[in-house]
Amino acid sequence: MAINVNTVYRTVLLILNKEQRGMLTPDEFNKVATQVQLEIFEGYFNTLDLQVRKPDNITEYGDKIKNTNQDISIFKEYGDCTFNAGEGKFILPTGNNNSVYSQTFTGVAGQSSYTFTSISAAQLLESTVYVYIDNILQPTNAYIVSGSSITFNASPSSGSSILVNAKPNNFYTLGSVFYKDEKELQLVQRNELPYLKGNPLVAPSISYPVFLYENNKIQVLPSAITSDITISYLRKPMDVRWNFTVPTGQAYYSYSPTGSIDFEISKKEQSNIVTRILLYAGVVVKDPSIIQVAQQQVQAETIKETL
């Protein structure tokens with residue numbers, strides 16, 4: 001279950017305001033909370049790396065490898081890759097595609113640049129962009145997205161339909177790659193390809209496909225494979241958001257569940273989250289005493305995780 005963002009924010013404010021140590025605005029809290037959640041999430045992998053080197057603990061609730069895997073399992077995904085014929089490569093799933101930002105343009109003769117009005121520069125920066133001209137997916141080297149505009153190397157024809165989809169990119173790390181959900185592809189490096197192609201015993205084939213993973217794209221060999229590629233992967237946690245309204249005639253923030261995004265990591269991390277947010281809050285409100293106490297608590301928590 002998720003950790004309620006309002007509970008955490010109210011707890012942080014209570015501790016900060018108990019001795020009149022300052023205020024953490026919703027915007028500051030959202031940025032700090034997102035950073036803290038990501039730090040804890042990435043810490044799971046260090047914990048896992050340390051624990052696999054130690055003797056196995058087979059107790060039901062004290063097995064840290066099992067417990068850490070459970071913490072990570074929330075973010076495990078399995079999805080289809082999209083083949084881009086123009087590049088001959090597969091585009092990775094973006095994860096959490098509930099929000100897709102879209103804009104449609106109509107091609108104008110001789111015009112190569114178009115300005116977005118319904119997709120912001122920030123949304124474009126944090127998303128994987130898919131561009132279709134007359135329903136044909138364009139290779140990423142056919143255009144450049146910069147700020148709030150897109151510029152094509154070759155001007156689209158007059159009257160053509162230009163669709164731009166920006167999908168929030170929550171992809172974190174690649175797991176395994178599968179063909180038709182039956183064969184697991186082997187990862188190879190580019191310097192290995194001459195040897196593989198030159199040796200009939202290990203040459204890539206439909207029965208023994210391999211893949212390159214470069215620039216967050218997958219190139220499958222043999223090139224005859226242009227579909228049915230799926231992957232297991234980890235997505236990163238969604239950005240935390242404490243959404244609010246300001247009641248008419250009032251000067252305070254009122255929590256709004258609509259549009260708010262809770263912490264996705266395990267509920268057992270709630271005290272850790274509060275402590276780490278207070279550590280950053282001490283910097284924001286410039287209170288060294290908060291920083292010192294929070295640092296001590298974070299260090300104690302870190303030591304406990306490595307034991």
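Seven salt bridges are counted in this predicted model. Three of them can be followed residue by residue.

One is formed by Glu-77 and Arg-235, whose closest N and O atoms lie 3.0 Å apart. This pair joins distant parts of the chain, since Glu-77 sits in strand E1 and Arg-235 in strand E16, 158 residues apart. The two partners can be told apart by their exposure: Glu-77 is partly exposed, with a relative accessible area of 27%, whereas Arg-235 has a value of 5% and is buried, because buried means under 20%.

Arg-235 also meets the side chain of Glu-264 in a salt bridge, at 2.8 Å from N to O. Glu-264 belongs to the loop between strand E18 (254–255) and helix H6 (270–284), so its pairing with Arg-235 in strand E16 ties together parts that are 29 residues apart in sequence. Both Glu-264 and Arg-235 are buried. Taken together, Glu-77, Arg-235 and Glu-264 are linked in a network of salt bridges.

A further salt bridge brings together the side chains of Arg-190 and Glu-214, again described from N to O, at 2.8 Å. Arg-190 lies in the loop between strand E13 (186–187) and helix H5 (193–198), and Glu-214 in strand E14 (residues 210–214), so parts 24 residues apart in sequence are tied together. Arg-190 is partly exposed at 43% relative accessible area, and Glu-214 is partly exposed at 30%.

Strands E1 and E16 return in the surroundings of helix H3. In this helix (residues 64–73), Asn-67, Thr-68, Asp-71 and Ile-72 are buried. Viewed down the axis of H3, these residues fall within an arc of 140°, so they line one face of the helix. Their cover includes helix H2 (26–51), strand E1 (76–80) and strand E16 (229–235).

Notes
Residues are numbered from 1 along each chain as its sequence is written. This is a predicted model: local features need pLDDT of at least 70, side-chain atom pairs count only at pLDDT 80 or more; totals for chains, interfaces and linings use all residues. Side-chain values use heavy atoms; hydrogens and water are left out. Buried means under 20% relative accessible area, exposed over 50%, partly exposed in between (1.4 Å probe, protein chains only). Helices (H or I, at least four residues) and strands (E, at least two) are DSSP runs, numbered from the N terminus. The arc is that of the directions from the helix axis to the C-beta atoms. Contact means heavy atoms within 4.5 Å. A salt bridge is a side-chain nitrogen of Lys or Arg within 4 Å of a carboxyl oxygen of Asp or Glu.
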